[in-house]
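This report covers the fold, the pockets and the salt bridges of one protein chain. The structure comes first, and the text then starts from a single residue.

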Amino acid sequence: MKKIFTFFLLLLLISCNNTPKDTYVNEIEDYQYEENLKFHDKSESPLTKEDLKTFKKLDFYPIDKKYRVIATLEKTVNAPIFEMATTTDRKPLYIKYGTITFTLDGKEQKIPIYQNKDLDINPQYKDNLFLPFTDKTSGEESYGGGRYLDVLTTDEKPNGTIVIDFNKAYNPYCAYNVRYSCPLTPKENSLSVAIFAGIKAYKKH
């Protein structure tokens, strides 16, 4: 009887160890892998030549499904085009595409999401939406100027919702190299909670 019990216990342990990894975790791990590859590629990397020599990998928060939120999207009607401030004199043209609302850690969050309207924008980015944000980690564990998220208009659902995945939050290139011109995060894009997801602040090795 004891041998039979031991046999079944062994089968259970093997089964647990062979449990396939969550599909979503695989998706985010693939995303992180691609980001690290890009940063190691000198033709794509925003890093300076000096930093590229010692760069190992980006510092990501642990993957957490909690930070993949389903937000409601209220589109802005007849939104005017405006010049978004950047870290340089460049003034890219944007519109406020709408306002997203979601609840995280029991607190409702409501921030604008934008769409680039520069005439010379690459047509392949016509469905892209831009979500810059700061949160309670900004200036501490994450970049002080805030982080960015890329969202697609094609992600919108007929019921007025859209998925916002903070596990894919990334730093503006200015966080790595001052030669870049990056949009400044508007004051109204400040979250009242900590987003322990995405990329942390860059630290030189």
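Asp135 has a relative accessible area of 7%, and it counts as buried because that value is under 20%. The model is a predicted one. In it, the side chain of Asp135 meets that of Arg147 in a salt bridge, with N and O 3.2 Å apart. Arg147 is buried as well, at 0% relative accessibility. The pair links distant parts of the chain, with Asp135 in the loop between E5 and E6 and Arg147 in strand E6, twelve residues apart.

**Salt bridges**

The count of salt bridges comes to seven. Three of them, including the pair above, are set out in the table.

| Salt bridge | N to O distance | Relative accessible area, acid | Relative accessible area, base |
|---|---|---|---|
| Asp135 and Arg147 | 3.2 Å | Asp135, 7% | Arg147, 0% |
| Glu35 and Lys38 | 3.3 Å | Glu35, 13% | Lys38, 22% |
| Asp127 and Lys126 | 3.5 Å | Asp127, 26% | Lys126, 57% |

Glu35 and Lys38 both belong to helix H2, where they are three residues apart, about one turn of the helix. Glu35 is classed as buried at 13% relative accessibility. Lys38 is partly exposed, since its 22% falls between the limits of 20% and 50%.

The bridge between Lys126 and Asp127 has its closest N and O atoms 3.5 Å apart. Lys126 counts as exposed because its relative accessibility of 57% is over 50%. Asp127, at 26%, is partly exposed.

**Fold and surface**

Which elements make up the chain, and in what order do they run from the N terminus? The order is α-α-α-β-β-β-β-β-β-β, with three helices and seven strands in the protein chain. Of its 205 residues, 41% are buried. Among contacts with a separation of 6 or more, 64% are between residues 24 or more positions apart. The accessible surface of the chain is about 12,800 Å², and carbon and sulfur atoms hold 55% of it.

**The largest pocket**

The largest pocket holds about 1,000 Å³ of space. It is lined by 33 residues, and those closest to its centre are Asn128, Phe130, Tyr148, Asp150 and Tyr170. Helix H2 (23–40), strand E4 (107–116), strand E5 (128–133) and strand E6 (147–152) are the elements that each give two or more residues to this lining. H2 gives the most, with four residues. By class, the lining has 19 nonpolar, five polar and nine charged residues.

**The second largest pocket**

The volume of the second largest pocket is about 260 Å³. Its lining includes Glu27, Arg68, Asn128, Asp150, Asp155, Asp165 and Lys168. Also among the lining residues are Leu149, Val151, Leu152, Val163 and Ile164. Which elements give two or more residues to this lining? They are E6 and strand E7 (161–165). The largest share, four residues, comes from E6. Divided by class, the lining has five nonpolar residues, one polar residue and six charged residues.

Two residues recur in these descriptions. Asn128 and Asp150 are among the residues closest to the centre of the largest pocket, and both also line the second largest pocket. Strand E6 recurs too: it contributes to the lining of the largest pocket, gives the largest share to that of the second largest, and contains Arg147, the partner of Asp135.

Terms used:
Residues are numbered from 1 along each chain as its sequence is written. This is a predicted model: local features need pLDDT of at least 70, side-chain atom pairs count only at pLDDT 80 or more; totals for chains, interfaces and linings use all residues. Side-chain values use heavy atoms; hydrogens and water are left out. Buried means under 20% relative accessible area, exposed over 50%, partly exposed in between (1.4 Å probe, protein chains only). Contact means heavy atoms within 4.5 Å. Accessible areas come from the Shrake-Rupley method with a 1.4 Å probe; for residues, only the protein chains shown count as cover. On a 1 Å grid over the protein atoms alone, a cavity is a set of points where a 1.4 Å probe fits but cannot get out, and a pocket is an open set with protein on both sides within 12 Å along at least five of seven lines; lining residues have an atom within 4 Å of a point. Grid points are joined across faces, edges and corners, and a volume is the space filled by probe spheres set on the points. Ala, Val, Leu, Ile, Met, Phe, Trp, Tyr, Cys and Pro count as nonpolar, Asp, Glu, Lys and Arg as charged, and the others, Gly among them, as polar. A salt bridge is a side-chain nitrogen of Lys or Arg within 4 Å of a carboxyl oxygen of Asp or Glu.
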